[in-house]
Every structure is written in C-alpha cells, then in structure tokens.
Amino acid sequence: MKLFRKIVPVLVSATISCPAFAADLSGYDNTKIAWGLGAATDSYGRPTDAVNAESKYSDMGGLFVGSTEQKRLWLTFDEGYENGYTKKILDILKKKNARAVFFVTYDYAKANPELIRRMINEGHTVGNHTWSHPSLPECSDEDLRRELSDTHNYVKQQFGYDMYVMRPPKGEFSERVLKCAKELGYTTVLWSFAYYDWDVNKQPEPAAAFEKITSKVHPGAVYLLHAVSKTNTEILGDVIDNWRENGYIITPM
C-alpha cells in the first residue's frame, strides 16, 4: 500500500533564477484544468476525482490527496489578502499545537510581514501562491517561471525562508504548470476538500460549516480553507478537536 506522502523541503539556492536554458515546456500539455471535486467517493471517503488525479499527476509533482495508510490530513489556508482573522487562526493553531500551510501571494507577504514571520517562527509551512494571482496555464513560459520564482525570491530575501510547495490560483493548472513548478523545486498542492467559505459577505453558518468540514474527513485529506472567513476562524478549534477525537493527525508539510 502506498505510504502517506510527506512533502520534503527541497534544498534550493538563495534565489531561483529563470535561465535561458531552462527546460523547454512546449512539449507538455497546457490544457487548463480548473480543479474541482465531484460527489463520488471511494470506500475510505476520499473524493474519486482526487484519487484519480493523484494517480495521474503525482509523478509530475502534484498532490491532491494522501494515502489510506494512516488517518492523517493536511490543513491548508489560502491567503490572497488579509481580512483580520489570520492572527486569531494562528492563536488557535498555537493553542492546539497544530501546524498548517499558508499559501501566500507576493502582495500578502509584502503587506503582512509580521504574520509571515509568525507563521515561520511557529512552525507552519509558507507556500507560494504566485506573484500576481494569474491563471497559470495562460502565462507564457517566462511569466510562469517568474510568477513562482519572484515570489520565492522575495520571501527568501525578506524572511530567510525557502518555499517548496505552491498552489495555483483558482486551482487552475495544466501538465505544463506542474512541470514548471517541479523544475523550480516545488510540489503543486491542490485539495481533496473545499467549500464555499471565501465570500466575506456571504459567510456560511458556523454549525452547518462545522458539519460539512468534519463529515467529509478522510485519510490523506488536503483541506483548503480561506483565512478571510469569519466562520472558519470561529469553528477552527472545534474542528481540530473533532478530527483528533476521531483519530486524525494533522500533518505538517
């Protein structure tokens, strides 16, 4: 049985460059895949779409769902902009001794240095969510590399931290995008659970959100939550408690 995948940080230089002799990406399929999940699940409760994508793209550096070897999961947050909740989220994670992954854009990192430093200092993973949040399959080879490398270099220079996981904006990727990210030392992390939590003006009811998040737990789950969500912040501690009560371990990347 395939072991639960643990992301191992890739040792990279202080800066990632985009040399003229970088691998040619033209031979890779650039058909845009807008990642989403259907309702079908396997016998472990893992979304079938995520299981199939993991099988198809893991060798290209994609991560969609972990194995069923152990009851482990990853907790990840997307950070396109700050809505005032990340400090509280970090407080909860610290209290619960849990580690998460925060995918940040360049603008977010530049505007919120104190939060980035706290993420790093408290043992969380900071991931690359690109420089300008474009649809990566629509970028030229040069722009695609720079969306990742410029953000990587900024975080390295400002915080002394080498990022090694990335999430494509809007979940839009292609085989070409996976190849480019892997070339730059990145694992591309999608998700096996997400829900409607990003609209700050239309937040889900906490009880309903708690039920949806906890009822869909499965071995190897990659949870995508948005840190702009008031609801997510309110229920996070109880969600973590529920996962642990049901035998799940929140695994660092």
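Is H133 buried, exposed or partly exposed? I will open with that residue, and I should say at once that what we are looking at is a predicted model. H133 is found in the loop between β5, residues 125–128, and α5, and with a relative accessible area of 32% it counts as partly exposed. Its backbone deserves a remark as well, since H133 has a positive phi of about 60° although it is not a glycine.

A second residue can be described in a similar way. N97, which is not a glycine either, has a positive phi of about 55°, and its place is in the loop between α2, residues 86–96, and β4, residues 101–104. N97 has a relative accessible area of 54% and is therefore exposed, the cut-off for that word being over 50%.

Let me turn now to the helices, beginning with α1, which covers residues 48–57. Its buried residues are A50, A53, E54 and Y57, and when one looks down the axis of α1 these fall within an arc of 105°, so they line one face of the helix. It helps to recall that an α-helix has 3.6 residues a turn, so residues three or four places apart point the same way. On the face of α1 turned away from the buried side we find the exposed residues S55 and K56. As for what lies over the buried residues of α1, the cover includes β1 (33–34), β2 (62–63), β7 (172–173) and α6 (175–183).

That brings us to α6 itself, where R176, V177, L178, C180 and A181 are buried. The elements covering these buried residues of α6 include α1, β2 and α5, together with β6 (165–166), β7 and β8 (187–189). Just after α6 comes G185, which takes a positive phi of about 95°.

How do α5 and α6 pack against each other, in angle and in distance between their axes? Helix α5, residues 141–159, packs on α6 at an angle of about 50°, and the axes are 10 Å apart, which makes α5 oblique to α6. The crossing in which α5 passes α6 is right-handed. On the α5 side the contact involves D141, L144, R145 and L148, and these meet R176, V177, C180, A181 and E183 in α6. Sorted by character, the residues of this contact divide into 5 nonpolar, no polar and 4 charged.

I would like to stay for a moment with R145, which lies in helix α5. R145 has a relative accessibility of 8% and so counts as buried, the limit being under 20%. The C-alpha atom of R145 is separated by 6.8 Å from that of C180, although the two residues are 35 apart along the chain.

Two further helix pairs can be set beside this one. The axes of α2 and of helix α4, residues 113–121, come within 11 Å and cross at roughly 15°, which makes α2 roughly parallel to α4. Here α2 passes α4 in a left-handed crossing, and the contact is made by T86, K87, L90, D91 and K94 of α2 with L115, R118 and M119 of α4. The residues of that contact divide into 3 nonpolar, 1 polar and 4 charged.

The other pair is α7, residues 206–215, and α8, residues 230–245, whose axes come within 10 Å and cross at roughly 40°. These two helices are therefore oblique to each other, and their crossing is right-handed. From α7, the residues P206, A209, F210, I213 and T214 meet T231, N232, E234, I235, D238, V239, N242 and W243 in α8. In this contact of α7 with α8 the residues divide into 7 nonpolar, 4 polar and 2 charged.

I will finish with a loop residue, L190, which lies between β8 and α7. Is L190 buried or exposed? At 0% relative accessibility, L190 counts as buried. Which residues is L190 in contact with, leaving aside its neighbours within four places in sequence? They are W35, L63, F64, R167, P168, G171, F173 and V222. M163, for comparison, is 27 residues from L190 in sequence, and the C-alpha atoms of the two are 16 Å apart in space.

Methods
Residues are numbered from 1 along each chain as its sequence is written. This is a predicted model: local features need pLDDT of at least 70, side-chain atom pairs count only at pLDDT 80 or more; totals for chains, interfaces and linings use all residues. Side-chain values use heavy atoms; hydrogens and water are left out. Axes are lines fitted to C-alpha atoms, for helices over the stretch in contact, and angles run from 0 to 180 degrees between N-to-C directions. Helices (H or I, at least four residues) and strands (E, at least two) are DSSP runs, numbered from the N terminus. Angles under 35 degrees count as roughly parallel, over 145 as roughly antiparallel, 65 to 115 as roughly perpendicular and the rest as oblique. A crossing is left-handed if the near helix is turned anticlockwise from the far one by less than a right angle, and right-handed if clockwise. Contact means heavy atoms within 4.5 Å. Ala, Val, Leu, Ile, Met, Phe, Trp, Tyr, Cys and Pro count as nonpolar, Asp, Glu, Lys and Arg as charged, and the others, Gly among them, as polar. Buried means under 20% relative accessible area, exposed over 50%, partly exposed in between (1.4 Å probe, protein chains only). The arc is that of the directions from the helix axis to the C-beta atoms.
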